[in-house]
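Work through the exercises below with the model open. Each task is followed by its solution.

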Amino acid sequence: MMKHGQVFLVYLAAFFLQPFLQNLIPFFGGNVNLILCLTVMLVFVHEEPGQGIFFGCLFSLLWDLLYGLYAGPSAVAMVICGTAVYLLKYFTHIENFLNGALFMAGGTLLFYSAYWCVYAAIGTTYSYGYAMSTMLPQIVCNVIVGLGVYFVLIENVKKQRRDRYYR
């Protein structure tokens, strides 16, 4: 389990790195959501989802306040996505990277679907098909970044497991 300060600093770095990625690497940076990748992988890999969901919601709300049209839609979508990952991860084996890729792709699709639902409830006029028309590059980019985060986090989990069970 990572300490709260470490997780906060990682989310803070992702929050500040996101706008720079959008300007430096136009295709890749515009399609990756670092906060979503961190949240899905933290909830998927670690036993306690509280850190991932809390900091994901907090930094999504901060993102909405600074860059969004409305305050709160991405925070609500992040809570829905983090809760769904937490509920479904116990039906899979977390040390299989293909499961991590599937959870990242499904988490991305769920996040943006919930995001659209919140906006639809507010009263926006664009359709679900239009909102999901750019999903394929976002899913691909999020899976690439999410697997990078997964491989860093899973090594820590494997080390803790060896320490715990083989004394």
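**Exercise 1.** Classify Tyr-90 and Tyr-86 by exposure, then classify their ring pair.

Solution. This is a predicted model. Step 1: Tyr-90 has a relative accessible area of 52%; exposed means over 50%, so Tyr-90 is exposed. Step 2: the relative accessible area of Tyr-86 is 28%, and this residue is partly exposed. Step 3: a pair of aromatic rings is described by the distance of the centres and the angle of the planes. Step 4: the ring centres of Tyr-86 and Tyr-90 lie 5.5 Å apart with the planes at 85°. Planes over 60 degrees apart count as edge-to-face, so this pair is edge-to-face.

**Exercise 2.** Classify the ring pair of Trp-63 and Tyr-67, and place both residues in their helix.

Solution. Step 1: there are 21 aromatic pairs in the structure. In the one formed by Trp-63 and Tyr-67, the distance is 4.3 Å centre to centre, with 45° between the planes, and the pair is tilted. Step 2: both residues belong to helix H4 (residues 50-67); they are four residues apart, which means a separation of about one helical turn. Step 3: Tyr-67 has a relative accessible area of 48% and is partly exposed. Step 4: Trp-63 and Tyr-67 also belong to a cluster linked by ring pairs, whose other members include Phe-8, Tyr-11 and Phe-59.

**Exercise 3.** Check the span of helix H3 (residues 34-45), then state whether its residues are buried or exposed.

Solution. Step 1: at 1.5 Å a residue, the twelve residues should span 16 Å. Step 2: the end C-alpha atoms of H3 are 16 Å apart, so the two values agree. Step 3: twelve of the twelve residues of H3 are buried, among them Leu-34, Cys-37, Thr-39 and Phe-44.

How values were computed:
Residues numbered from 1 in each chain as written. Predicted model: local features only at pLDDT ≥ 70, side-chain atom pairs only at ≥ 80, totals over all residues. Heavy atoms only, no water. Helix = DSSP H or I, 4+ residues; strand = E, 2+ residues; numbered from the N terminus. Expected span 1.5 Å × (residues − 1). Buried < 20%, exposed > 50% of the residue type's maximum accessible area, 1.4 Å probe, protein only. Phe/Tyr/Trp six-rings, centres within 6.5 Å; stacked < 30°, edge-to-face > 60°.
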